[in-house]
Amino acid sequence: MSSANLIASDIEAYLKVHENKDMLRVLTCGSVDDGKSTLIGRLLFDSKMIFEDQMAAIEKDSKRFNTTDEAFDLALLVDGLQSEREQGITIDVAYRYFATEQRKFIIADTPGHEQYTRNMATGASTCDLAIILIDARHGVQVQTRRHSFICSKLGIKHVVIAINKMDAVDYDQNVYQKIKQEYREFATDLAFEDVRFVPISALKGDNVVNESEAMNWYPGSTLLKLLNTVSVDKDRSSAFRFQVQYVNRPNLDFRGFCGTIASGDIRVGDTVVALPSGKESKVKSIVTFDGELQKASAGMAITLTLADEIDVSRGDMLVRPHEQPSSSSHFSADIVWMTEESLCLDREYVIKVGSKSVYGYVDAINYKVDVNTLQQQEASQFALNEIGNCHFAVTEPVQFDAYNDNRSTGAFIVIDRLTNVTVGAGMICNVLDGAKVKAHQYSEFEVEMNALVRKHFPHWGAKKIV
């Protein structure tokens, strides 16, 4: 058998063993040099999830880039960019995949430096659990608070506080207990439901995969055992939400609606309603690349065909009639600002909720948050990496759930209309009624005039003309 066939057969066998396991998405975050990349490298190394060619490459690179006394730098398994290896820090979000006997994992290693907070927020947006690292020598830092707050705002309910580099403090139990108490006091006002603490040494391997002989005073589980046993199913919404990404019409006999199920499940014969039109129909078939199914659930990419020819377009949402989401052109939302050009009131942006894009603007800035004290402060604009709450007004109603109820349909991004750069990430809090909205709103005349101006005079910029 050729080496290529051998590799293919190994991959096929691996997938067959792990394909039916549930998936846990994990985020690692913390201050610069807290050991996030080394921790992930240790998880992969001790779980025997590193291939021989990877080992050889890392051993070679360790001799070139390593700044520690160790012959094998585990952080290089994750930090793949040349600039990351030269500086010894993580810059971009790196994703790694591995599996145990219990479940599969996708781990997002995010940067610790304040300059790359937006990258950390991007990584957190899809994760179920966060591992927040704290250097045992330094305790709770500003970035620890910042990342914890962002994790809380982005709907992560489960966190593991990994107090790393215990070897550097002689595995002192008092150091661990002091940091544990300090973090508990800070996290009182955060929206975490499940907070666990574990003392580790990613460099030496203590309490990561294997129990530490040097910390026999710690009665809890290792980090990997915590990851294997945490339950996140109850955090996911059961309401069926399907955002149409593409209408597939290859011939006159087939009209299917493509997309990924955001939450819930659907069966052939179920009644659905298309929003915003409100037209009802029944599911005729569920089509996938591997054939038709009788049932599909959250996370699956499918094509739905309906029994009736109703109007459904990209950006529309299919739901069950008895569990419809909110629909409004005015809502409040928490915002993480992600660009050096400040967020400004009344400047027009593209607001993308799911697969639907509309024009809109910030109607009012309610407050920004000091991540060190969690106190709300008055603000007239948001700068890079600042977090706060705003009122949004959009040109037409969008369908959504509150972010705390459904992360998939409650999230949106803010896009600069001229550069097409994503400048902000938002989490919808609630619908705004007429009494809460500022007097100025988009009228039909304004919508038509602004559309005409954008079409014929694009060089005028992103300001509202009327």
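**Notebook: ring pairs, salt bridges and the strands around E5**

I looked first for grouped rings and found that Phe331, Phe392, Phe400 and Phe412 form one aromatic cluster. I note at the outset that this is a predicted model.

**Entry 1. Aromatic pairs**

I describe a pair of aromatic rings by the distance of the centres and the angle of the planes. The structure contains eleven aromatic pairs. I looked up tyrosine 176 and tryptophan 217, whose rings are 5.5 Å apart centre to centre, with 45 degrees between the planes, and I recorded this pair as tilted. Tyrosine 176 belongs to helix H7 (residues 173–186), while tryptophan 217 sits in the loop between strand E6 (194–199) and helix H8 (223–229); the pair thus links distant parts of the chain, 41 residues apart. I checked the accessibility of both and found tyrosine 176 buried and tryptophan 217 buried.

I turned next to tryptophan 337 and tyrosine 349. Their ring centres lie 5.9 Å apart and their planes stand at 75 degrees, so I entered the pair as edge-to-face. This pair also links distant parts of the chain, with tryptophan 337 in strand E17 (residues 326–337) and tyrosine 349 in strand E19 (residues 348–353), twelve residues apart. Tryptophan 337 has a relative accessible area of 0% and is buried. Tyrosine 349 is buried as well, at 2%.

I also looked for a charge over a ring. Arginine 145 lies over the face of phenylalanine 186, at 5.8 Å from the ring centre.

**Entry 2. Salt bridges**

Side chains of opposite charge can pair when their charged atoms come close. I counted 17 salt bridges.

I examined lysine 153 and aspartate 334, whose side chains meet in a salt bridge at 3.3 Å, N to O. Lysine 153 is in helix H6 (residues 142–153) and aspartate 334 in strand E17, so the bridge links parts of the chain that are 181 residues apart. Are the two partners buried or exposed? Lysine 153 counts as partly exposed at 23% relative accessibility, and aspartate 334 counts as buried at 7%.

I then looked up arginine 347 and aspartate 416, which form a salt bridge of 3.0 Å, N to O. Arginine 347 lies in the loop between strand E18 (343–344) and E19, and aspartate 416 in the loop between strand E24 (411–415) and strand E25 (422–431), so the pair ties together parts 69 residues apart in sequence. I found both arginine 347 and aspartate 416 buried.

Lysine 368 makes a salt bridge with glutamate 386, and I recorded 3.1 Å between the closest N and O atoms. Lysine 368 is in strand E20 (residues 356–370), whereas glutamate 386 is in the loop between strand E22 (381–382) and strand E23 (387–400), 18 residues apart. Glutamate 386 has 23% relative accessibility and counts as partly exposed. I also found that shared partners join the salt bridges of Asp265, Arg267, Asp270, Arg320 and Glu323 into one network.

**Entry 3. Backbone exceptions**

Most residues other than glycine have a negative phi, and most peptide bonds are trans. I searched for exceptions. The peptide bond from leucine 275 to proline 276 is cis, with omega near 15 degrees. I located proline 276 in the loop between strand E11 (271–275) and strand E12 (279–288).

Tyrosine 171, although not a glycine, has a positive phi of about 55 degrees; tyrosine 171 lies in the loop between strand E5 (158–164) and H7. Asparagine 207, again not a glycine, has a positive phi of about 60 degrees. I placed asparagine 207 in the loop between E6 and H8, and noted that asparagine 207 is buried, with a relative accessible area of 3%.

**Entry 4. Strand E5 and its neighbours**

Why is E5 described as largely enclosed by the rest of the structure? I found seven of the seven residues of E5 buried, so the description follows. In a regular strand the side chains alternate between the two faces of the sheet. In E5, His158, Val160, Ala162 and Asn164 point one way, Val159, Ile161 and Ile163 point the other way, and all are buried.

I followed the pairing on either side. Strand E4 (residues 129–135) pairs with E5 in the parallel sense over seven bridges, and isoleucine 134 has isoleucine 163 of E5 as its bridge partner. E4, H6 and E5 make a right-handed β-α-β unit.

E5 and E6 also run parallel, joined by six bridges. Here the bridge partner of isoleucine 163 is proline 199 in E6. I traced the chain from E5 through H7 to E6 and recorded this β-α-β crossover as right-handed.

How values were computed
Residues are numbered from 1 along each chain as its sequence is written. This is a predicted model: local features need pLDDT of at least 70, side-chain atom pairs count only at pLDDT 80 or more; totals for chains, interfaces and linings use all residues. Side-chain values use heavy atoms; hydrogens and water are left out. Rings of Phe, Tyr and Trp (its six-membered ring) pair if their centres lie within 6.5 Å; planes under 30 degrees apart count as stacked, over 60 as edge-to-face and the rest as tilted. Helices (H or I, at least four residues) and strands (E, at least two) are DSSP runs, numbered from the N terminus. Buried means under 20% relative accessible area, exposed over 50%, partly exposed in between (1.4 Å probe, protein chains only). A charge sits over a ring if NZ of Lys or CZ of Arg is within 6 Å of the ring centre and within 35 degrees of the ring normal. A salt bridge is a side-chain nitrogen of Lys or Arg within 4 Å of a carboxyl oxygen of Asp or Glu. Two strands pair if DSSP finds at least two bridges between them. A crossover is right-handed if, with the strands pointing away from the viewer, the path from the first strand over the helix to the second runs clockwise.
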